[in-house]
Amino acid sequence: MESGGGVVDHLADERSKAQFDVDEMKVVWAGSRHDFELSDRISRLVASDPAFRKDNRVMMSRKELFKNTLRKAAYAWKRIIELRLTEEEANKLRFYVDEPAFTDLHWGMFVPAIKGQGTDEQQQKWLPLAHRMQIIGCYAQTELGHGSNVQGLETTATFDPQTDEFVIHSPTLTSSKWWPGGLGKVSTHAVVYARLITDGQEHGVHGFIVQLRSLDDHMPLPGITIGDIGMKFGNGAYNTMDNGVLRFDNVRIPRDQMLMRVLQVTKEGKCVQSNVPRQLIYGTMVYVRQTIVADASRALSRAVCIATRYSAVRRQFGSQNGLETQVIDYKTQQSRLFPLIASAYAFRFVGEWLKWLYTDVTQRLQANDFSTLPEAHACTAGLKSLTTSVTADAIEECRKLCGGHGYLCSSGLPELFAVYVPACTYEGDNVVLLLQVARFLMKTVAQLPSGKKPVGTTAYLGRVEHLMQYRCGVQNAEDWLNPSVILEVFEARAARMCVNRAQKLGSFPNPEEGFAELSAFLAEAAVAHCQLIVVSKFIEKLQQDIPGGEGVKQQLRNLCNIYALNLINRHLGDFLSTGAISAKQASLANDQLRSLFSQVRPNAIALVDAFNYTDHYLGSILGCYDGNVYPKLYEEAWKDPLNDSVVPDGYQEYIRPMLKQQLRNARL
């Protein structure tokens, strides 16, 4: 975004080097012209409103921080109503406010849970209240003792046919609900997940709508113990969210507050399966994981934007007389930074594809077609794991790429890291998810002899015989620019790793023992499969009609090749040990990678400008649009409360006596 008020653009020279139309790349990044215009309008609306200021977050105490978040959330809701924003616009506004809040869980988990698991009658009753924020909800699944293992949850919901009620109870300390956002201090209601018990029989874990607090004075209702679980990692960061603890002491709720779209409990306590397939619930999971992948591309692109702009501003070494060398011109900086720019674009495009997949899965489910569901489930689980792990590591790498100044809160990177890293754990621990993918891949390989054709992202395993025989034909560095060569190399590596793991698994008399023993080995095959998906979707994107002409397309080709060749470099052991490529071809891939870095260099600033982030959203002095870093850092330092007084509090009490003491008996 342009600097206003006649401010000198210190990155103007960098921007003039771009070999493509940045405005058209903004549209490509956004997904469509409509999405670009919407994001641009709403982000500017938020950035220009002083009520959404966030540069003082890290200085606040927890109580101040939380109250400030409540103020912003209430103000955002007021603006949404005043401006008559659509649901799409309102979601964008909350996104650009850029502060974890109870509303994230209300709109992102509570409302979708009722939509996905509630009957038509339940939706008609609860959704209007939720949409008008007359009730505020959260999603109470995780417990003190169980997270990933949902079937191990201990909270019980026992049906009492005498009163036509469920009794919700926390039988142990470890059954306390623990972590749900919005629960600690704000939510009036929750979708609570508990073990359904009727007539002494257990029927698995199901969701129940439970009121937690009075709608008059916000006090907890009888039988409910509720509070916040305490400070979390980082300054500001996720401490704006009231992650909560919740215990039930035989709390009674009406029978019709069990979410009964799939399973119904009658007045007599009989469980009746509805004609709605249970698999529909997986559609919600695909949706949530798709949004997490999209969030990964945003968080990664944000960190990369900061690191790239600062790398162009910062100069160090390399000159006896005159200007020192820009840090971005060092090959060591490029080899760490440019693959992260490429990853941001790669994750953006695979996120776009996941949107399509969600729509496709939903339509199939409504038509009672479950054929693609296991593959879609495995694919979204794997991509959630891959993209969040890479993004968390990449934000930290960007902090290191910014040197010492990256450690300042005003760089925006410490807080971005602290806010983002929980994504590696929530909605499925990343290692657990990789093992789910590995299990699906092993099952797919095991079914190949029966003639069952793999579908979707596993379709390449249907050509396993060819891929086991495949020999890469790369003769020179330029051959690595051929997308079909790259794709087949990644397919061969993934297929061979899958077959190899399946063979090792087959040598164990007990498959479950084998799976446990080989789990780390199996997770590597899952990663290879997921990386293949990202590479293939980037290549597919390049085959589409892209606005902006050849200039834009060439930059995307460069980024696609950097993404793929960098992965080959990073996972060379896989590619060599499976025989997918030779040592000579690996060396040629590295040669081509260095050449690609040189081609990206003049376009680097323009490529991150295409993310179209306001300075408000970036929240970083190092990443500010005009590159005027040093005066802003100097000015920011004086705003610290420690600088309110020249002589610090505590000087008279502690420092002065130390300076004035007479050390007659000291042995120093």
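Student: Which residues of helix H5 (residues 87-97) are buried?

Tutor: In this predicted model, the buried residues of H5 are Glu-89, Ala-90, Lys-92, Leu-93, Arg-94, Tyr-96 and Val-97. Their cover includes helix H3 (33-47), helix H4 (62-82), helix H6 (102-117), helix H8 (280-313) and helix H21 (615-618). Just after H5 comes Asp-98, with a positive phi near 60°.

Student: H4 is part of that cover. What makes Glu-82 and Arg-79 a salt bridge?

Tutor: Their side chains come to 2.8 Å, N to O, and the rule asks for a side-chain nitrogen of Lys or Arg within 4 Å of a carboxyl oxygen of Asp or Glu. The pair therefore qualifies. Both residues sit in helix H4, 3 residues apart, which is about one turn of the helix.

Student: And why is Glu-82 called partly exposed?

Tutor: Its relative accessible area is 42%. Buried needs under 20% and exposed needs over 50%, so Glu-82 falls in between and counts as partly exposed.

Student: How do you know whether Lys-639 and Glu-636 are buried or exposed, or something in between?

Tutor: Take each value in turn. Lys-639 has 44% relative accessibility, so it counts as partly exposed. Glu-636 has 18%, which is under the 20% limit, so it counts as buried. The two form a salt bridge, with their closest N and O atoms 3.3 Å apart.

Student: How many salt bridges does the rule give?

Tutor: The count comes to 40. Asp-9, Arg-15, Arg-309 and Asp-609 are linked in a network of them. Another salt bridge joins Glu-202 and Arg-195, at 3.0 Å between the closest N and O atoms.

Student: What does Gly-204 in strand E6 (residues 201-211) touch?

Tutor: Leaving aside neighbours within four places in sequence, Gly-204 is in contact with Arg-195, Ala-194 and Leu-196. Gly-204 is partly exposed, because its relative accessible area is 28%.

Student: Where is the residue that UniProt marks as "active site"?

Tutor: The unreviewed UniProt entry places that feature at Glu-427, in the loop between helix H11 (413-420) and helix H12 (430-447). The record also lists residues 282-442 as "domain: Acyl-CoA oxidase C-alpha1" (unreviewed entry). Over residues 282-442 the chain is 73% helix and 0% strand.

Student: Why does Glu-427 count as partly exposed, and what does it touch?

Tutor: Its relative accessibility is 29%, between the limits of 20% and 50%, so it counts as partly exposed. Not counting residues up to four places away in sequence, Glu-427 touches Met-109, Val-288, Arg-289, Ile-292, Lys-384 and Leu-433.

Student: How many disulfides does the structure hold?

Tutor: The structure holds 0 disulfides. Cys-624 is a good case to check: the nearest cysteine sulfur, that of Cys-305, is 10 Å away. A disulfide needs two cysteine sulfur atoms within 2.5 Å, so Cys-624 is in none. Cys-624 counts as buried because its relative accessible area is 3%, and Cys-138 is buried because its value is 0%.

Student: Which residues make the nonpolar surface patch of about 460 Å²?

Tutor: That patch is made by Tyr-654, Ile-655, Met-658 and Leu-659. Met-658 belongs to helix H23 (residues 651-660).

Student: Why is Met-658 called exposed?

Tutor: Its relative accessibility is 55%. Exposed means over 50%, so Met-658 earns the word. Patch members must have over 30%, so Met-658 clears that cut-off too.

How values were computed. Residues numbered from 1 in each chain as written. Predicted model: local features only at pLDDT ≥ 70, side-chain atom pairs only at ≥ 80, totals over all residues. Heavy atoms only, no water. Patch = residues over 30% accessible without salt bridge, like charges linked within 9 Å, V, L, I, M, F, W, Y side chains within 5 Å. Areas by Shrake-Rupley, 256 points an atom, 1.4 Å probe, with all protein chains shown as cover. Helix = DSSP H or I, 4+ residues; strand = E, 2+ residues; numbered from the N terminus. Buried < 20%, exposed > 50% of the residue type's maximum accessible area, 1.4 Å probe, protein only. UniProt positions renumbered as here; feature names shortened; annotations may be inferred. Contact = heavy atoms within 4.5 Å.
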